[in-house]
Amino acid sequence: MKINKAEEQLLRVIIGIGRSNRKANKESISTAGKHYYKDNFSNLNSAYKSLIQKKFIKELNEEYSITNEAEKILKKQRADGFGKMLVRKEKSEVYGKFCKMLHGKNISQFNMMNMEQLNKLLELLEINEHQRVLDLGCATGTIAEYISDNTQANIIGIDFAETAIKWAQERTKSKQDRLKFITMNMDELSFPKNSFDTILAIDTLYFVEDLNKTIQKMKEILKKNGKLGIFFSQMIKPDGDKEILLPDKTQLAQALKKHNLKFKTWDFTESEKEFWKKSKTIAKTLKNEFEKEGNSHIYESRINEAKSILKFVEADRISRHLYIVNL
Ligand SMILES: C[S@@+](CC[C@H](N)C(=O)[O-])C[C@H]1O[C@@H](n2cnc3c(N)ncnc32)[C@H](O)[C@@H]1O
């Protein structure tokens, strides 16, 4: 079931108000909506009615809350939008140039794993043609394809961004014997137990609803003697405890320990700090080219992400580690 712009705005405002533990009544919704959407804020009169009819919101004593059904629809819309953006990036020549300059090679990376880090991951995991590998949050599958091309391993990539997965399937049609892409949510991994020799999670575990639950599931679907390879950057807010940056204290480390998973770590914190400085500089260098290509939004997204992460870098409030778990 689709939702229109006014309905989406109403749902998002109710969620936002709920997150700050305030009551979502018509007055607070209107104030927050105008603040957030400014001139784009829609007239919500009919949205209240239609969302109640669709059972996407509930009203009790003039207070509104959203239903699980609505949360699912919003998640799907967000994933769809995100998937489209991932495909646009992969098709952009200038983004390819950006990746080559930043990561050392263009495999349309979406994040901070450069070739030095990928090579370390591959060296430690010893992936080969006899292995079945799962890549969690594979985006358009370019990293999975690169690994499979270089090892002949059988890789399944999953991502909740359907457009990205469809594009990955199309691009790798001729390699179906060793590459498969499936639209799936990391919060609901549905593979049988003992399915994989190796599971990769390259900058994806930040997005799961419940890290403990996902780690538990990853443990279940991994074969005996299987391996996990996880890249994880930990950031902390100004009032947060810096100890959490230590490799055995991060949110990931805590979840792994909870499931009795022993791990080794490799520190890429310095490489990460350099990465974000370089990312900003390279994006600026390519600004005009992105504009000419009609992809200013890619430039904007890169520069904004770099700026926001550089705040953590400058305050020494970030660490990055590669975690290898041997079951
Ligand atoms: C930072 S990107 C990393 C992509 C890729 N692993 C890489 O290193 O280039 C995070 C990816 O996780 C996906 N993702 C986020 N939340 C997800 C979820 N709940 N289930 C499945 N995929 C998810 C996003 O669509 C995106 O492709």
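1. The hairpin of E1 and E2. In this predicted model, strands E1 and E2 form a hairpin in which two residues lie between them. Strand E1 covers residues 57-60 and pairs with E2 in the antiparallel sense, over four bridges. Within this pairing, Ile-57 stands opposite Ile-66 in E2. In the turn, Asn-61 has a positive phi of about 50°.

2. Glu-62 in the loop. Glu-62 also lies in the loop between E1 and E2. Although Glu-62 is not a glycine, its phi is positive, at about 65°. Glu-62 is exposed, because 10 other C-beta atoms lie within 10 Å and a residue counts as exposed at 12 or fewer.

3. The two faces of strand E2. Strand E2 spans residues 63-66, and its side chains alternate. Tyr-64 and Ile-66 point to one face and are buried. Glu-63 and Ser-65 point to the other face and are not buried. Ile-66, on the buried face, is the residue that Ile-57 stands opposite.

4. Domains. The domain assignment divides the protein chain into domain 1 (5-66) and domain 2 (85-326). The C-alpha centres of domain 1 and domain 2 lie 35 Å apart.

5. Helix H2. Lys-34 has its place in helix H2, which comprises residues 26-37. Lys-34 counts as partly exposed because it has 13 C-beta neighbours inside 10 Å; the exposed class ends at 12 and the buried class begins at 20. Lys-34 and Val-13 are 21 residues apart along the chain, and their C-alpha atoms are separated by 9.7 Å.

6. Nonpolar cores. The largest nonpolar core holds 71 residues, of which Ala-164, Ile-199, Ile-230 and Leu-252 touch the most other members. A second, separate core has 14 residues, among them Leu-10, Val-13, Ile-29 and Ala-70. In the largest core, Ile-199 is one of the residues with the most contacts to other members. Neighbours within four places in sequence aside, Ile-199 is in contact with Leu-134, Leu-136, Met-218, Leu-222 and Leu-228.

7. Strands E3 and E4. Strand E3 (residues 132-136) pairs with E4 in the parallel sense over five bridges. Asp-135 stands opposite Gly-157 in E4. Strand E4 (residues 154-159) is mostly covered, with five of its six residues buried.

8. Strand E9 and its partners. Strand E9 runs over residues 318-326 and is mostly covered: seven of its nine residues are buried. Strand E7 (residues 222-235) is joined to E9 by nine bridges, and the two run antiparallel. One pair here is Gly-229 with its bridge partner Ile-324 in E9. E9 also pairs with E8, in the antiparallel sense and over five bridges. In this second pairing, Phe-263 stands opposite Val-325 in E9.

9. Asn-260 before strand E8. Asn-260 is found in the loop between helix H10 (251-258) and strand E8 (263-267). Phi of Asn-260 is near 55°, a positive value in a residue other than glycine. Asn-260 has 7 C-beta neighbours inside 10 Å and therefore counts as exposed.

10. Surroundings of the ligand. There are 20 residues around the ligand; Phe-110, Gly-137, Ala-139, Met-186 and Phe-207 come nearest. Sorted by class, this shell contains 12 nonpolar, five polar and three charged residues.

11. Cys-99: buried or exposed? Cys-99, which lies in helix H5 (residues 93-103), is buried, because 22 other C-beta atoms lie within 10 Å and the threshold for burial is 20 or more. Not counting residues up to four places away in sequence, Cys-99 touches Asn-106, Ser-108 and Gln-109. Cys-99 and Phe-160 are 61 residues apart in sequence and 23 Å apart in space, C-alpha to C-alpha.

12. His-297: buried or exposed? His-297 lies in helix H13, made up of residues 296-314. His-297 counts as exposed because it has 12 C-beta neighbours inside 10 Å, and the exposed class takes in counts of 12 or fewer. The C-alpha atoms of His-297 and Phe-160 are separated by 22 Å, with these positions 137 residues apart along the chain counted as their separation.

Methods:
Residues are numbered from 1 along each chain as its sequence is written. This is a predicted model: local features need pLDDT of at least 70, side-chain atom pairs count only at pLDDT 80 or more; totals for chains, interfaces and linings use all residues. Domain bounds come from an automatic or database domain assignment. A residue is near a molecule or strand if its C-beta atom, placed from the backbone, lies within 6 Å of it. Ala, Val, Leu, Ile, Met, Phe, Trp, Tyr, Cys and Pro count as nonpolar, Asp, Glu, Lys and Arg as charged, and the others, Gly among them, as polar. A nonpolar core is a set of buried Ala, Val, Leu, Ile, Met, Phe, Trp, Tyr and Cys residues joined through C-beta atoms within 7 Å. Two residues are in contact if their C-beta atoms, placed from the backbone, lie within 7 Å. Two strands pair if DSSP finds at least two bridges between them.
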